[in-house]
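Trainee: I've got a model open and I'd like to learn how to read it feature by feature. Can we go through it together?

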Amino acid sequence: MDHIHVINQLLERCREYKTPLVLMFVDYEKAFDSIEIDAVLQAIHCQGIADDYVALIQELNSSCSTDITLFYRPLHIPVARGVKQGDTISPKLFNAGLEDIFRKLNWSSGININGERLNHLCFTDTIAIMGETIEEVKEMLRELNQESARVGLRMNRSKIKWMKNH
């Protein structure tokens, strides 16, 4: 809700002060299933989570499997990627992985707000990228796509939407 409020305020202020604004909304394909668990573990370690907790999360997410019966035939399927769907900690692990991506990007562009640059907002598996020009936002999207691919995340190109004022 806070991020939606921020975007509403941003739209109003840009309209009021007649400043350019470009917003691009990026959605990831099967985000929770795709992110590499090793990248998540490295991210939470770099963010200062105690090694004991990192080891526990690694143990909880390694050697996972699922069993299904298909046409009366049992199948055992190992799960090697992603975070567990439905686990209460999974959204936080996913967000830690995303935070690590944005720390590596180190963008200097975006919308200037009192000397600070606002360039993205995260809505679980959807990212709102913002800038002053379409070219600036396209470059940010390209960089985000490269960093995301390194941890196994793919953008859902059919769901990418953008808008601009003026």
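Trainee: Let me start with one residue: in which strand is Lys161 found?

Mentor: Keep in mind that this is a predicted model. Lys161 is found in strand β9.

Trainee: And which residues is Lys161 in contact with, once its neighbours within four places in sequence are left aside?

Mentor: Skip the sequence neighbours and see what remains. For Lys161, that leaves contacts with Leu23, Met24 and Phe25. You can also set sequence separation against distance in space: Lys161 and Ala128 are 33 residues apart in sequence, with their C-alpha atoms 9.5 Å apart.

Trainee: How would I look at that for the chain as a whole?

Mentor: Take the contacts between residues at least 6 apart in sequence and ask what share is long-range. In this chain, 66% of them join residues at least 24 apart.

Trainee: Now Asn156. Where is its place, and is Asn156 buried or exposed?

Mentor: Asn156 sits in the loop between β8 (154-155) and β9 (161-164). For burial, compare the relative accessibility with the cut-off: buried means under 20%. Asn156 has 14%, so it counts as buried. Not counting residues up to four places away in sequence, Asn156 touches Asp27, Tyr28 and Glu29.

Trainee: What about Phe71, buried or exposed?

Mentor: Here the cut-off for exposed is over 50%. Phe71 has a relative accessible area of 74%, so it is exposed. Phe71 lies in the loop between β2 and β3.

Trainee: Which residues make the nonpolar surface patch?

Mentor: Phe71 is one of them, along with Ile68, Leu70, Leu75 and Ile77, and the patch covers about 470 Å². As for the elements behind it, β2 (64-70) and β3 (73-79) are the ones that give two or more residues to the patch.

Trainee: Let's zoom out. How many helices and strands does the chain have?

Mentor: The count is 6 helices and 9 strands. For overall dimensions, follow the C-alpha trace along its principal axes: about 65 × 40 × 30 Å.

Trainee: And how much of the chain counts as buried?

Mentor: Of its 166 residues, 37% count as buried. On the surface side, the chain exposes about 10700 Å², and carbon and sulfur atoms supply 53% of that area.

Trainee: Last one: how many positive and negative side chains are there?

Mentor: Count each sign, then compare where the two sets are centred. The chain has 19 positive and 23 negative side chains, and the centres of the two sets lie 7 Å apart.

Definitions and conventions. Residues numbered from 1 in each chain as written. Predicted model: local features only at pLDDT ≥ 70, side-chain atom pairs only at ≥ 80, totals over all residues. Heavy atoms only, no water. Patch = residues over 30% accessible without salt bridge, like charges linked within 9 Å, V, L, I, M, F, W, Y side chains within 5 Å. Areas by Shrake-Rupley, 256 points an atom, 1.4 Å probe, with all protein chains shown as cover. Salt bridge = Lys/Arg side-chain N within 4 Å of Asp/Glu carboxyl O. Helix = DSSP H or I, 4+ residues; strand = E, 2+ residues; numbered from the N terminus. Buried < 20%, exposed > 50% of the residue type's maximum accessible area, 1.4 Å probe, protein only. Contact = heavy atoms within 4.5 Å. Lys, Arg positive; Asp, Glu negative; His and termini not counted. Charge placed at Lys NZ, Arg CZ, Asp CG, Glu CD.
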